[in-house]
Amino acid sequence: MAQIEDIDDALEAVPAREAGPVVIGIDVGGTIVKMGVVTQRGEIIAQTKVPTGALEGAEALGRVSEAAVELARGAGVDTASIAGIGLDVPGVVLEDGTLAMAPNITLDLDGLRDALAAAFPAARIATINDANAAALGETWVGAGAGADSLVMLTLGTGVGGGVVIGGRVIAGVHGAAGEIGHLCMNFEETEACGCGRRGCLEQYASARGLIRLYREECATCGAAEVEIAHATDALAVFEAARSGNAQAKRACERLGTILARALAALAVMVDPDAFVLGGGMCGGWDTFGQTCVDAYRTFVIPGCAETPIRVATLGNAAGLLGAARHALAALQ
Ligand SMILES: [Zn+2]
């Protein structure tokens with residue numbers, strides 16, 4: 001009897017999984033692939049990470065699909081019952097799932113899809129750009145949960161973006177919708193952006209951009225620079241700002257101001273329910289967030305002045321959750 005009670009207790013302890021499709025969200029990065037088994041309510045019931053090199057060739061691609069199979073089995077889900085797989089990739093993805101450009105990764109996307117299709121015969125595979133996936137994830141179960149429309153900026157080594165309208169990411173005819181990092185903020189810029197143009201938001205609001213703003217501030221007044229360990233060591237600037245360094249504080253204020261100008265421009269294009277800012281640079285939100293919010297209210301047309309500007313809440317899981325949401329949407 002005691003044993004039976006134990007079994008009943010054990011069964012109660014495992015939450016009953018809701019009915020409905022279960023999908024796998026896969027966040028493909030240059031050095032690591034993150035994946036999770038996700039329910040239709042956005043709950044991750046199991047997740048794992050696979051370190052990767054170049055994602056091409058049977059061995060490397062097989063490692064990813066095998067990890068997904070192990071993950072599903074570990075979660076007690078039959079591979080044949082996985083209804084969809086969402087793949088988020090760091091590149092320009094067209095509406096039909098074609099990868100138009102992926103400058104930062106070696107990826108045989110067709111080969112990866114084939115390997116996954118062989119392992120998950122019932123799964124429909126849907127592909128989405130990584131910044132768009134993060135926006136979709138945050139709209140689903142993150143900082144924008146409940147919003148119908150949202151604009152997200154991912155501030156990291158570069159600046160990515162995603163626009164969600166009516167619960168769906170807008171990819172655009174050429175996959176360029178949401179490439180907010182390449183919104184031109186400065187027509188007088190002389191240095192080139194990674195995209196080849198000049199004056200892009202990414203040149204100021206990325207980790208590299210903030211360091212550049214800081215160095216400009218130091219050069220203007222002849223101040224000595226604090227030690228910056230590497231080209232994307234924005235943390236050094238944030239810490240200097242927190243400790244009262246005037247040039248670092250000024251650089252962070254300029255970062256907040258330029259972000260506000262970008263958000264004000266986006267407000268008159270999309271007028272979303274909310275803006276969400278994510279990525280590693282948000283670790284310095286305390287140094288530039290208030291400036292950003294205050295400046296936004298000054299720059300934007302009055303009707304949009306109260307649009308909330310929030311920091312993302314899903315962290316590294318935003319991509320795989322957004323990929324899963326994209327996979328679920330593709331099933332409908
Ligand atoms: Zn650019």
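Author: Let's start with a definition: buried means under 20% relative accessible area, exposed means over 50%, and partly exposed is anything in between (1.4 Å probe, protein chains only). One warning before you ask away: this is a predicted model, where local features need pLDDT of at least 70 and side-chain atom pairs count only at pLDDT 80 or more, while totals for chains, interfaces and linings use all residues. Residues are numbered from 1 along each chain as its sequence is written, and side-chain values use heavy atoms, with hydrogens and water left out.

Reader: OK, why is Cys200 called buried?

Author: Its relative accessible area is 0%. Set that against the limit of under 20%, and Cys200 is buried.

Reader: And what makes His182 buried or partly exposed?

Author: His182 has 22%, and the in-between class runs from 20% to 50%, so His182 is partly exposed. Cys195, at 36%, counts as partly exposed too.

Reader: Which residues are the protein donors of the zinc ion, and how do you know?

Author: A donor is an N, O or S atom within 2.8 Å of the metal (3.2 Å for Na, K and Ca); water is not among the atoms, so sites may look incomplete. Here, His182 (ND1), Cys193 (SG), Cys195 (SG) and Cys200 (SG) lie 2.0 to 2.3 Å from the zinc ion, so they pass the 2.8 Å test. Along the chain, the spacing of these residues reads H-x10-C-x1-C-x4-C. His182 and Cys200 are 18 residues apart, and each sits in the loop between β10 (168–169) and α5 (202–205). Those helix and strand labels are DSSP runs numbered from the N terminus (helices: H or I, at least four residues; strands: E, at least two).

Reader: What makes the arrangement around the zinc ion tetrahedral?

Author: Four donors count as tetrahedral if all angles lie between 85 and 135 degrees; four are square planar and six octahedral if opposite donors are over 155 degrees apart and all others between 65 and 115, and anything else is irregular. The 4 donor atoms here subtend angles of 105 to 115 degrees, so the arrangement is tetrahedral.

Reader: With those cysteines about, how many disulfides does the structure hold?

Author: The count is 0. A disulfide is a pair of cysteine sulfur atoms within 2.5 Å. Take Cys184: the closest cysteine sulfur is in Cys200, 6.3 Å away, so that is too far for a bond. Cys184 itself is partly exposed, at 24%.

Reader: Why is the pairing of Arg212 and Glu189 called a salt bridge?

Author: The rule asks for a side-chain nitrogen of Lys or Arg within 4 Å of a carboxyl oxygen of Asp or Glu. For Arg212 and Glu189, the closest N and O atoms are 2.9 Å apart, so the pair qualifies. Arg212 lies in helix α6 (residues 207–221) and Glu189 in the loop between β10 and α5, so the salt bridge ties together parts 23 residues apart in sequence. Glu189 is buried, at 8%.

Reader: What about Arg250 and Glu217?

Author: Their N to O distance is 3.9 Å, so they also fall within the 4 Å limit. Arg250 is in helix α8 (residues 246–270) and Glu217 in α6, so this pair ties together parts 33 residues apart in sequence. Arg250 is partly exposed at 40%, while Glu217 is buried at 14%. Salt bridges with shared partners join Glu189, Glu191, Arg212, Glu216, Glu217, Arg250, Glu253 and Arg254 into one network. The total by this rule is 13 salt bridges.

Reader: What is the largest nonpolar core made of?

Author: A nonpolar core is a set of buried Ala, Val, Leu, Ile, Met, Phe, Trp, Tyr and Cys residues joined through side-chain atoms within 4.5 Å. The largest one here has 47 residues, and Leu153, Leu210, Leu259, Leu263 and Tyr296 have the most contacts inside it. Elements that each supply at least two residues include α6, β11 (274–278) and α9 (285–299). Helix α8 gives the most, with 12 residues. Apart from this core lies another, of 31 residues, among them Val37 and Ile85.

Reader: Which residues does Leu210 touch?

Author: Contact means heavy atoms within 4.5 Å. Not counting residues up to four places away in sequence, Leu210 touches Tyr204, Ala234, Val237, Phe238, Ala251, Cys252, Leu255 and Met281.
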